[in-house]
Structure formats: structure tokens, C-alpha cells
Amino acid sequence: MTSSLTSHASSRSCLAVVLAAGEGTRMKSDKPKVLHAIANRSMLGHVLASVTAAGADQVAVVIGPDRDDVAKDARRHFADAQIFVQTERLGTGHAVLSAKDALARKPDDVIVVYADTPLVSVETLAQLRAPLAAGAAVVSLGFEARDPTGYGRLILSGDQLLDIREHKDASEAERQIRLCNGGLMALRGDVALSLLEKIDNKNAKSEFYLTDAVAIARSLGHKAVAVTVPEEEVHGVNDRMQLAQAEAMIQQRLRERAMAGGATLVAPETVFFSYDTKLGRDVVVEPNVVFGPEVTVEDGAVVHSFSHLEGTRVGAGAGIGPFARLRPGAEIGQKAKIGNFVEIKNTQLGTGAKVSHLTYLGDATVGADVNIGAGAITCNYDGFSKYRTEIGDGAFIGSNSSLVAPIRIGAGAFVGSGSVVTENVPADALALGRGRQVTKEEWARNFRIKSQAAKSK
Ligand code: UD1
Ligand code: MG
């Protein structure tokens with residue numbers, strides 16, 4: 001969307017340690033969990049975008065063994081991402097320590113995030129970092145859990161965080177605490193590594209708990225605090241149901257962002273966005289529209305119901321649909337009109353052009369004010385290669401014509417309805433590529449009389 005994310009970059013350097021080693025067995029997928037997409041971007045991609053917008057200038061991604069696909073996706077979203085492999089899953093503290101080399105460079109701030117917790121917002125990450133600048137050594141992210149079972153509990157005294165107790169290690173009294181650990185943590189870079197190296201695995205799970213950094217920091221006289229956020233922010237994805245819930249929450253945010261940016265969504269809950277959809281001012285999106293990746297809709301354009309757009313730019317004031325399919329490389333000129341059951345791929349359409357019904361345009365350049373009649377088709381593919389169709393400004397393509405590419409229709413030319421056009425048409429010419437009409441006077445009447453007579457015999 002056009003409104004850009006608020007940048008929370010400060011002068012302090014910040015390392016984000018992204019835990020992306022999750023196996024995701026409950027996803028029952030051939031794909032690693034963190035590569036599953038929400039609004040067309042991997043969960044890992046969402047988290048990397050958020051930490052970058054929150055001011056992380058270094059990123060360390062901790063992945064499982066043999067996960068080149070995860071490393072590649074990480075670098076796609078953050079080119080200089082440092083990749084660390086956690087060879088054995090020995091706990092969250094151990095996972096963060098896998099990025100020891102990055103921690104040893106002592107950035108001002110360290111934030112630890114989970115790649116399977118994709119809803120954490122830039123604002124939350126900024127809140128998590130803020131107490132570090134005021135001297136805190138450890139900041140944890142707390143939330144009031146609807147059902148606290150399984151989560152670590154935050155043990156507070158006033159505004160001081162004393163400890164985090166994992167569910168399995170907690171006493172009955174501690175299990176009554178509803179303020180839970182969201183998992184994300186910020187640590188002051190000058191002490192982070194030494195705190196993490198003091199974590200042991202003497203606990204119910206025999207794991208190295210990242211959460212132990214809190215009590216260790218306090219035992220060394222440092223300050224630890226918690227910031228509290230809504231549960232939604234720390235929604236983790238472990239199965240396909242939770243993936244769908246995360247999708248719903250991100251769609252909700254994208255809808256709100258579109259409307260805040262000045263677009264009208266007639267029925268927001270029926271419009272599906274991609275993370276990168278850009279809508280201008282006074283764009284109207286009718287019910288039941290799907291935006292795939294890389295779509296820009298400029299000011300004042302209308303997207304009518306049941307349209308599907310991807311890889312497309314829609315010019316200002318254009319009208320799309322209902323029931324239009326715009327595929328990658330569609331560039332719709334200003335005030336152009338695309339009507340129902342029209343499919344457009346890799347085609348540039350000039351200002352004011354009209355393609356009102358039942359048409360396929362592929363690999364074409366269409367000039368300004370061209371009118372394409374119902375049922376016209378570019379024949380762009382011969383089973384081996386794709387060929388271009390060029391239509392000059394102001395040309396008129398009659399209904400149900402087939403334009404066999406490669407082909408050029410000159411500016412202002414006419415193509416008669418039902419033509420199969422295989423030769424270039426000069427500017428301002430008329431092309432007819434169809435059988436000449438034969439009319440036989442009285443033929444139908446005679447046919448009926450003869451047929452009736454034969455039947456009544
Ligand atoms: C963790 C927290 C708990 C918190 C909860 C929130 C600890 C000890 N506990 O518990 O306080 O309430 O998250 O969801 O930190 N991971 C690795 N390598 C490992 C272990 C984990 O990369 O060896 C990653 C996981 O893939 C996941 C994240 O760290 O992304 C959290 O691990 P998980 O096992 O889900 O921790 P919880 O037991 O849920
Ligand atoms: Mg968990």
C-alpha cells in the first residue's frame with residue numbers, strides 16, 4: 001500500500017536473531033514451516049521485514065541442518081543475512097547462541113524473534129527495544145493469555161521482571177499467573193553473549209532456556225523488564241489452522257491499511273490482499289476481489305467484483321471487471337476500461353482503451369483509445385514460442401476476431417468482425433479475414449415447405 005511503514009531506526013545498532021529452525025512437523029508439509037506464505041510472503045519474510053523496519057541493521061538467521069531453502073529465502077528478504085546452523089535442538093537459549101559470532105560483535109541492541117511468529121508488529125519491536133536505551137539489560141514480551149497452558153510465566157515485582165518460569169517447571173501458584181512470555185526478547189548487546197553463555201539445562205526439559213537470561217541478568221545486578229502486547233502479536237504458527245488464523249489477522253491489517261490510505265473497500269472482509277498491494281487515493285474495490293503479488297492500482301480506479309489481479313499496474317481512473325483476470329505484465333492505461341470475462345497477460349494497454357467483454361490479450365501492445373470488440377483474441381502461442389501483437393492508437397478490432405501473432409494493426413485501422421487476421425494491417429485500412437456472405441432469397445421458406453411435405457407423406 002502507498003503508506004509506508006513507520007521507520008523506528010535509531011542511532012543504536014541492532015542485531016536481530018531470527019530463530020528459523022522450527023521443524024514444523026504438525027504442518028505435515030514437504031516445505032519447512034517458516035517458508036509457508038501469508039499474504040504471499042513467507043512467514044520468515046514477514047518477520048525479516050518487521051525487524052528491518054524496526055531498525056535492525058544486522059540479521060542473524062538460525063536455521064536447522066540442510067535448510068538451504070530457508071537460507072536462500074532469508075537472503076532474498078535481507079541480502080546480508082548471516083546464516084547460522086543449529087545442529088541439535090537443545091533449546092531456545094542454545095538456538096540464540098548458535099549466532100555467537102554475530103553476538104560477539106556487540107551491537108547496541110539484540111532482539112530475538114521467532115520466524116514462526118509472523119504477526120509481531122514494527123511498533124511492538126520498537127517497544128521491546130526502547131527499555132534497552134534506558135539501561136535495561138533484558139526485556140521480555142508479555143501477553144495476557146486466554147489459555148496460559150504451556151507458556152512461560154512472567155514473574156514480576158512492580159515494574160521489575162524477576163524471572164520467567166516455564167510451564168513444566170512452574171509451581172501450582174506460578175501456573176495461576178496469566179501474564180505469559182511471548183518468547184521474543186531484547187538484550188543489551190554489551191552483555192547479551194555473557195548472559196547467554198551462563199544458561200544451563202538444569203530444568204524439566206533439560207533444555208537451554210533463553211528465558212533464564214532474565215534471572216541471570218538480575219543476579220548480576222542488571223535490570224530486566226517486560227512490555228505487554230495483545231495476544232495476537234505473538235500468535236505462533238504450528239499447524240495449518242494457526243496458519244489460516246495468521247492469514248486472517250494479516251488480511252485484516254492490510255484491509256485497514258488500504259482504507260487508512262484512502263481506498264474504499266465496499267465489503268472489506270471479502271477482499272484479499274498481498275503484502276505488497278499498493279492502492280492509491282479514492283480507489284474503490286468492490287466485494288470479492290483477490291490481489292496476488294505485485295499489484296499497483298492508481299488513484300481513482302475502480303476494481304469491480306470478482307476480479308483477480310497479479311503482477312499488474314492499473315492506471316488512474318481505469319475500470320476493471322467485474323470478472324476480470326489481470327495476469328503478470330498487465331499494464332492498464334489511465335481511464336482504460338476492462339470489462340467482464342477479460343483476461344490480460346503481459347500486455348500494455350493505452351489511455352482510454354476499451355476491452356469490454358470476453359477477450360484474451362496476451363503479449364500485446366495496445367495503443368490509446370483502441371476499442372477491442374467482444375470475443376477478440378490474440379493468438380500469441382504456437383505451442384513452442386510466444387509472439388507479440390501490436391495495435392496502434394485508435395484502432396477498432398471487431399468482435400470475435402482472432403489476431404494471429406506476430407501481427408501489427410496500424411493506428412486507426414478497422415478489423416471486421418469475425419476476422420482471422422494473419423497479415424499486418426496498415427494504418428487507417430479495413431481488414432476483412434472471413435468468408436464472404438452468401439444470401440439466397442426465399443431459401444428458408446422453400447426448405448420448410450419441402451421438408452413439411454416429405455414428413456406428412
Ligand atoms: C518458548 C518460551 C516460553 C514462551 C513460548 C512462547 C523458552 C524456554 N520458552 O517456549 O517461555 O511462553 O516460547 O511461544 O524460550 N527453537 C529453535 N531451536 C531450539 C528450540 C526452539 O530454533 O532448540 C525455536 C523454535 O523453532 C521456535 C522458538 O524457538 O520458533 C520457540 O521454541 P518452542 O519450542 O516453541 O518454545 P516453547 O516451548 O513454546
Ligand atoms: Mg512454542
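Tutor: Two strands count as paired if DSSP finds at least two bridges between them. The model under discussion is predicted.

Student: How do you know that β7 and strand β11 are paired, and in which sense do they run?

Tutor: Five bridges join β7 to strand β11 (residues 224-228), and the rule asks for at least two, so the two strands are a pair. They run parallel. Within this pairing, Gly-142 stands opposite Thr-228 of β11.

Student: What makes β7 and strand β10 a pair, and what is their sense?

Tutor: Six bridges connect β7 with strand β10 (residues 179-188); as at least two are required, the pairing criterion is met. The sense here is antiparallel. Val-139, for instance, has Ala-186 of β10 as its bridge partner.

Student: Why is strand β7 called mostly covered?

Tutor: Of the seven residues of β7 (residues 138-144), six are buried, and buried means a relative accessible area under 20%. Helix α10 (residues 443-455) is hardly covered, the count of buried residues among its 13 residues being zero.

Student: How do you know that the span of α10 is close to the expected one?

Tutor: From its first C-alpha to its last, α10 reaches 18 Å. The value expected at 1.5 Å a residue is 18 Å, and the two therefore agree closely by the rule for expected span.

Student: What makes the contacts of Gly-91, Asp-116 and Lys-205 with ligand 1 polar contacts?

Tutor: A polar contact needs a pair of N or O atoms within 3.5 Å. A polar backbone atom of Gly-91 lies 2.8 Å from an oxygen atom of ligand 1. For Lys-205, an N or O atom of the side chain is 3.2 Å from a ligand oxygen, and for Asp-116 a polar side-chain atom is 3.3 Å from one. Each distance is within the cut-off, so each contact qualifies. Taken alone, ligand 1 exposes 750 Å², of which the protein buries 85%. Gly-91 is also one of the residues that come nearest among the 19 around ligand 1.

Student: Why is the link between Arg-129 and Asp-109 called a salt bridge?

Tutor: Their closest N and O atoms are 2.8 Å apart, and the limit is 4 Å, so the pair qualifies. Arg-129 lies in helix α5 (residues 122-133) and Asp-109 in strand β6 (residues 109-114), so the bridge ties together parts 20 residues apart in sequence. Both residues are buried.

Student: Why is Asp-190 classed as it is, and why is Arg-188?

Tutor: Asp-190 has 44% relative accessibility, which falls between 20% and 50%, so it is partly exposed. Arg-188 has 16%, under 20%, and is therefore buried. Their side chains meet in a salt bridge at 3.0 Å, N to O.

Student: What makes Arg-253 and Glu-233 a salt bridge, and how is each residue classed?

Tutor: The N to O distance is 3.6 Å, which is within 4 Å, so the pair meets the rule. It links distant parts of the chain, with Arg-253 in helix α9 (residues 240-260) and Glu-233 in the loop between β11 and α9, 20 residues apart. Arg-253, at 28% relative accessibility, is partly exposed, whereas Glu-233, at 10%, is buried. Elsewhere, Arg-12, Asp-109 and Arg-129 are joined into one network by salt bridges that share partners.

Student: How many salt bridges does the rule give?

Tutor: The count comes to 21.

Note on methods: Residues are numbered from 1 along each chain as its sequence is written. Chains are lettered from A and ligands numbered from 1 in the order in which they are written. This is a predicted model: local features need pLDDT of at least 70, side-chain atom pairs count only at pLDDT 80 or more; totals for chains, interfaces and linings use all residues. Side-chain values use heavy atoms; hydrogens and water are left out. Buried means under 20% relative accessible area, exposed over 50%, partly exposed in between (1.4 Å probe, protein chains only). Helices (H or I, at least four residues) and strands (E, at least two) are DSSP runs, numbered from the N terminus. A residue is near a molecule or strand if one of its heavy atoms lies within 4 Å of it. A polar contact is a pair of N or O atoms within 3.5 Å; within protein, one must be able to donate a hydrogen and the other to accept it, and residues adjacent in sequence count only if both atoms are side-chain atoms. Accessible areas come from the Shrake-Rupley method with a 1.4 Å probe; for residues, only the protein chains shown count as cover.
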